[in-house]
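Student: I'd like to go through some of the labels people put on a model like this. Can we take them one at a time?

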Amino acid sequence: MLTFAILLVSLALEAQAAPLNPAEAYSAAVAGVADRVAPAVVAIEVDGYHAMQTGGGLIFARGRSEGTGFFISSDGYILTNNHVVKMAERVIVRIPVPEKAGQHSVVAVLAEPVVARVVGVDEASDLAVLKVD
C-alpha cells in the first residue's frame with residue numbers, strides 16, 4: 001500500500017510540471033497509476049461457501065463471489081484478501097491481456113480464466129496468497 005501511495009505522489013508531482021488545475025492533475029495521476037499497475041491486477045472468481053448473517057443467526061450457503069488481487073512475483077503468486085477466498089472450493093483468476101493494457105482500467109480487458117489455488121492465508125490481516133501455474 002505504501003508503494004502505491006509513493007507511486008501516486010510521484011505521478012502527481014510529474015503532472016504538476018504541466019499547468020493543470022488540481023482536479024486535472026489528480027485525474028492524470030490516477031490514470032497514470034492505473035496504466036502502470038493494470039498488467040499486475042487480476043479479477044478473482046470464487047465458488048464455495050459464504051457465511052451470511054440472518055435474523056436467526058449465521059448460516060452458510062453455496063455461492064459465487066468476486067474480488068481482485070495482484071501479482072507479487074513473476075512465477076505466479078497473487079496477493080488478495082482472505083475474505084475473498086475463505087471457504088473456496090474453486091478459485092479462478094482472469095489475467096490482463098498485455099497488449100490491451102493502458103486503458104485507464106485495471107480489470108477491463110481480461111484473458112481466459114485460469115485456475116488458481118490458495119497457498120496461504122492470514123486471517124488476522126485478511127490477506128491470502130494464490131498461485132497460478
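Tutor: Sure, and let's start with a definition: a patch is built from residues with over 30% relative accessible area and no salt bridge, and nonpolar side chains are joined within 5 Å. Keep in mind that this is a predicted model.

Student: Which residues make the nonpolar surface patch?

Tutor: Tyr49, Leu58, Phe60 and Met87 make it, and the patch covers about 390 Å².

Student: How do you know that Tyr49 and Met87 are accessible enough for a patch?

Tutor: Tyr49 has a relative accessible area of 34%, and Met87 has 35%. The cut-off is over 30%, so both pass it.

Student: Why is Tyr49 called partly exposed?

Tutor: Because buried means under 20% and exposed means over 50%, the 34% of Tyr49 falls in between. Tyr49 lies in strand E1, residues 41–54.

Student: What makes Arg62 count as lying over the face of Tyr49?

Tutor: Arg62 is 5.3 Å from the ring centre. The distance limit is 6 Å, with an angle limit of 35 degrees from the ring normal. The distance fits, and Arg62 is listed as lying over the face.

Student: And where does Lys131 lie relative to Tyr77?

Tutor: Lys131 lies over the face of Tyr77, at 5.1 Å from the ring centre, again within 6 Å. Lys131 belongs to strand E6, residues 127–132.

Student: Is Lys131 buried or exposed?

Tutor: Buried: its relative accessibility is 10%, and the label needs under 20%.

Student: What makes the Lys131 and Asp133 side chains a polar contact?

Tutor: Their distance is 3.5 Å, and the limit is within 3.5 Å. The side chain of Lys131 also has a polar atom 2.6 Å from the backbone oxygen of Asp75.

Student: Why is the phi of Met87 worth a remark?

Tutor: Most residues other than glycine have a negative phi. Met87 isn't a glycine, yet its phi is positive, about 60°. Met87 sits in the loop between helix H3 (82–85) and strand E4 (88–96).

Student: What about the phi of Asp126?

Tutor: Asp126 has a positive phi too, about 55°, and is not a glycine either. Asp126 is in the loop between strand E5 (110–122) and E6. With a relative accessible area of 23%, Asp126 is partly exposed, because that value is not under 20% and not over 50%.

Student: How many helices and strands does the protein have?

Tutor: Three helices and six strands, running α-α-β-β-β-α-β-β-β from the N terminus on.

Methods. Residues numbered from 1 in each chain as written. Predicted model: local features only at pLDDT ≥ 70, side-chain atom pairs only at ≥ 80, totals over all residues. Heavy atoms only, no water. Patch = residues over 30% accessible without salt bridge, like charges linked within 9 Å, V, L, I, M, F, W, Y side chains within 5 Å. Areas by Shrake-Rupley, 256 points an atom, 1.4 Å probe, with all protein chains shown as cover. Salt bridge = Lys/Arg side-chain N within 4 Å of Asp/Glu carboxyl O. Helix = DSSP H or I, 4+ residues; strand = E, 2+ residues; numbered from the N terminus. Buried < 20%, exposed > 50% of the residue type's maximum accessible area, 1.4 Å probe, protein only. Polar contact = N/O pair within 3.5 Å; in protein donor to acceptor, adjacent residues only side chain to side chain.
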